[in-house]
Amino acid sequence: MAQTGQSKGFAPKEAPKLNPPKNTPISLSHLAKCDGNSPSYPIYVAIMGTVFDVSGNTAYAPEGAYHIFAGKDASRALALSSLKPEDCRPDWEDLAAKEKQVLNDWFTFFSKRYNIVGQVRR
């Protein structure tokens, strides 16, 4: 049986203590400042408009392997398993069902590890 996004396969080895999700509106301009390049701002990654605080993970810092996602809604890139800058954009609705499932799996993965700090205001 294939694992779904709700399965144990997406749970971290040690569950972090997460705060209740916030619904704070976050503008695209503010999100862009949260890319790890300024110590004055946290590091955020958005998926399908939901903003996660990934500040504690060095992979999203400027020299990290996933810095490309920092300060952006990286939905399309995550769905496509892509690290290309041109894929780091919020539009994902036109993707195939398989890619949408990959995106949903990423959303589940993030939601079990990082605090939800708001929603992207377009």
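## Surface and charges

Let's start from the outside: the protein exposes about 7,300 Å², and carbon and sulfur atoms supply 54% of that area. Keep in mind as you look around that this is a predicted model. As for charge, the protein has 15 positive and 12 negative charges, and the mean positions of the two groups are 6 Å apart.

Turning inward, 39% of the 122 residues count as buried.

## Overall layout

What is the chain built from? There are three helices and four strands in the protein. Read from the N terminus on, the elements go β-α-β-β-α-α-β. The radius of gyration is 14 Å, close to the 14 Å that the globule rule gives for 122 residues, so the protein is as compact as a globular protein of that length.

If you'd like a feel for the dimensions, the C-alpha trace spans about 45 × 35 × 30 Å along its principal axes. Contacts across the sequence are part of the picture too: take the contacts with a separation of 6 or more, and 61% of them come from residues 24 or more positions apart.

## Two cysteines without a partner

How many disulfides does the protein have? With a disulfide taken as a pair of cysteine sulfur atoms within 2.5 Å, the count comes to zero. Cys34 is in no disulfide, and the nearest cysteine sulfur, that of Cys88, is 16 Å away. Looked at from the other end, Cys88 is in no disulfide either, and the nearest cysteine sulfur is that of Cys34, 16 Å away.

Are these cysteines buried or exposed? Cys34 is buried, with a relative accessible area of 0%. Cys88 counts as buried as well, at 10% relative accessibility.

## A buried aspartate

Asp73 is worth a stop on the tour. You'll find Asp73 in the loop between strand 3 (50–53) and helix 2 (75–80). Its relative accessibility is 4%, so Asp73 counts as buried.

Which residues does Asp73 touch, leaving aside those up to four places away in sequence? The list is Leu31, Ala46, Ile47, Met48, Gly49, Cys88, Arg89, Pro90 and Arg122. Cys88, one of the two cysteines described above, is therefore among the contacts of this aspartate, and Cys88 is itself buried at 10% relative accessibility. For a distance across the fold, try Phe109: Asp73 and Phe109 are 36 residues apart along the chain, and their C-alpha atoms are separated by 16 Å.

## Two positive phi angles

Most residues other than glycine have a negative phi. Met48, one of the residues that Asp73 touches, has a positive value, near 50°. Met48 lies in the loop between strand 2 (44–47) and strand 3, and at 24% relative accessibility it counts as partly exposed.

Ser81 also has a positive phi, near 55°. Where is Ser81? This serine lies in the loop between helix 2 and helix 3 (97–111). Ser81 is exposed, with a relative accessible area of 62%.

## A last stop in helix 3

Finally, have a look at Asn104, which is found in helix 3. Asn104 counts as partly exposed, at 35% relative accessibility. How far apart are Asn104 and Ser75, C-alpha to C-alpha? They are 9.5 Å apart in space, with their positions 29 residues apart in sequence.

Methods. Residues numbered from 1 in each chain as written. Predicted model: local features only at pLDDT ≥ 70, side-chain atom pairs only at ≥ 80, totals over all residues. Heavy atoms only, no water. Buried < 20%, exposed > 50% of the residue type's maximum accessible area, 1.4 Å probe, protein only. Helix = DSSP H or I, 4+ residues; strand = E, 2+ residues; numbered from the N terminus. Rg over C-alpha atoms; globule rule 2.2 N^0.38 Å. Contact = heavy atoms within 4.5 Å. Areas by Shrake-Rupley, 256 points an atom, 1.4 Å probe, with all protein chains shown as cover. Lys, Arg positive; Asp, Glu negative; His and termini not counted. Charge placed at Lys NZ, Arg CZ, Asp CG, Glu CD.
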